[in-house]
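Take a look at the model below. We will begin with one side chain and then move on to the place where two chains meet.

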Amino acid sequence: MTKRINPWMILTGIAVGAAAVLLTKAGNPKNMGFCIACFLRDIAGSVKLHSAAPVQYFRPEIPGLVLGAMLTALISGEWKARAGSAPATRFILGAFVMIGALVFLGCPLRMIIRMGGGDLNAFVGLAGFAAGIFIGTIFLKKGFSLKRSYQVSATDGFVLPGMLVFLFVLSLVLPALFVFSESGPGSMHAPAVLSLAVALAVGALAQKSRLCMAGGIRDVILFGDFNLISGFVMIFLTVLAGNYALGNFAGFSFVSQPVAHSASLWNFLGMTLAGWGSVLLGGCPLRQLILAGEGNGDSAVTVLGMIAGAAFAHNFALAGAADSVADGVYKVGGIGLNGKVAVVIGLAVLLAISFKNCEKE
Amino acid sequence: MIDARGLSCPMPVVMVQKEVKKSDPSELEVLVDSMVCVENITRFANTHGFAVETKEAGGEYTLRLVKR
């Protein structure tokens, strides 16, 4: 069994956990210091790709993560423009990973942050995520591959970072072009400068360490390798300790959790979809952002797929609704029929992609 | 020689793992084009009884795995 742990991974896990606690303290929604799915969804809303009023804000964390990774990769000589590995399939996978995450209400990173906040629904999500990853590894062993990528023009590698930076700057200098939530999660945010600075640092560390939520569980299953999962564990422990130290920890519970629902079956299946899709893509949503920063055009297309998936999730009422209290009565949220159908279709599409891309030995 | 250039993580390691299981080689050469693959294959190889020697040329890496 592989027991070698990269010290960068431990450091990154602690830094990401601390950053999540800090950004929440500075204004981000509870248990949402970082959430790639939520933040891409907010950006999709901000540029009017969907019109869900509570989730529209141009989150500086996204361009910050991509730029942090890009700068580190350029400095270390690892930046390389490459693309061509089944981009259309990756777009669809990105969209369904996003839909699965928004059914659960959080990407794999937010799942861990929610766990550290005492949200037991996130542990159900973790079980689903692990199940999805396990299914994905079965196909990896059977020869699943999205084929090779190839070196492309350097300009291709700068498309997504450039686009994100341009839109972010535009959102600052011409905010009237964008939409910003006046209530709900989109209205809650840390100061933009702080969000950007923290995300730059996290992006740099994530690039250096190769942090990946899906890769952690995948590598344990495939190779008995505990390196990546050590980052996952450190994020959980740091967020738990941070919440406890700041007096935000009220024990573990399924009820009244921030921006979360307790419809367990759909928490499980949403994250099954996200986990399976992430394994087929070669990394979780955070990892896709980091790879896009390193010049990977396939990951850039995946990120665009995730943004499209977020728009679909809200335009077609697929995303989960948080539990709420109305007239003193606790109402379990979850997803409607559209969301349930989308998860089932997503699982079927992933099954088809998994089978169709298995190479014969 | 395993040519894993352009393949995304973790496929190069899966290919090495399959080859090691199938033929129990005393030596194995692997060609990759990213540092992530170099690190992952090296970690796998070191914990499966192989010493690894890496050579870089033009952004591509040749890993020579030799059974200890």
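Which backbone oxygen does the side chain of A:N121 reach? Keep in mind that this is a predicted model. The partner is the backbone oxygen of A:F254, and the distance is 2.8 Å.

Now place the residue. A:N121 sits in helix 6 of chain A, which covers residues 120-141. Its relative accessibility is 1%. Buried means under 20%, so A:N121 counts as buried. Look at what surrounds it. Beyond its neighbours within four places in sequence, A:N121 is in contact with A:F104, A:R114, A:F254, A:Q257, A:H261, A:S262 and A:N267. A:F254 is thus on the contact list and also provides the backbone oxygen for the A:N121 side chain.

Turn to the interface. Here 23 residues of chain B are in contact with 24 residues of chain A. The size of an interface is often given as the accessible area lost when the parts come together. For chain B and chain A, the buried area is about 2000 Å². Carbon and sulfur atoms give 48% of that area.

Next come the polar links. Chain B and chain A share 4 salt bridges. One of them joins B:R43 to A:D225, with the closest N and O atoms 2.8 Å apart. Polar contacts across the interface link 10 residue pairs, both residues at pLDDT 80 or more.

Which parts of chain B touch chain A? Helix 1 (11-23) and helix 2 (35-46) of chain B each supply at least two residues of that side. Helix 2 of chain B gives the largest share, 6 residues. By class, the side of chain B that touches chain A has 10 nonpolar, 7 polar and 6 charged residues.

Note on methods:
Residues numbered from 1 in each chain as written. Chains lettered and ligands numbered in written order. Predicted model: local features only at pLDDT ≥ 70, side-chain atom pairs only at ≥ 80, totals over all residues. Heavy atoms only, no water. Contact = heavy atoms within 4.5 Å. Buried area = accessible area lost by both parts, 1.4 Å probe. Salt bridge = Lys/Arg side-chain N within 4 Å of Asp/Glu carboxyl O. Polar contact = N/O pair within 3.5 Å; in protein donor to acceptor, adjacent residues only side chain to side chain. Helix = DSSP H or I, 4+ residues; strand = E, 2+ residues; numbered from the N terminus. Nonpolar A, V, L, I, M, F, W, Y, C, P; charged D, E, K, R; others polar. Buried < 20%, exposed > 50% of the residue type's maximum accessible area, 1.4 Å probe, protein only.
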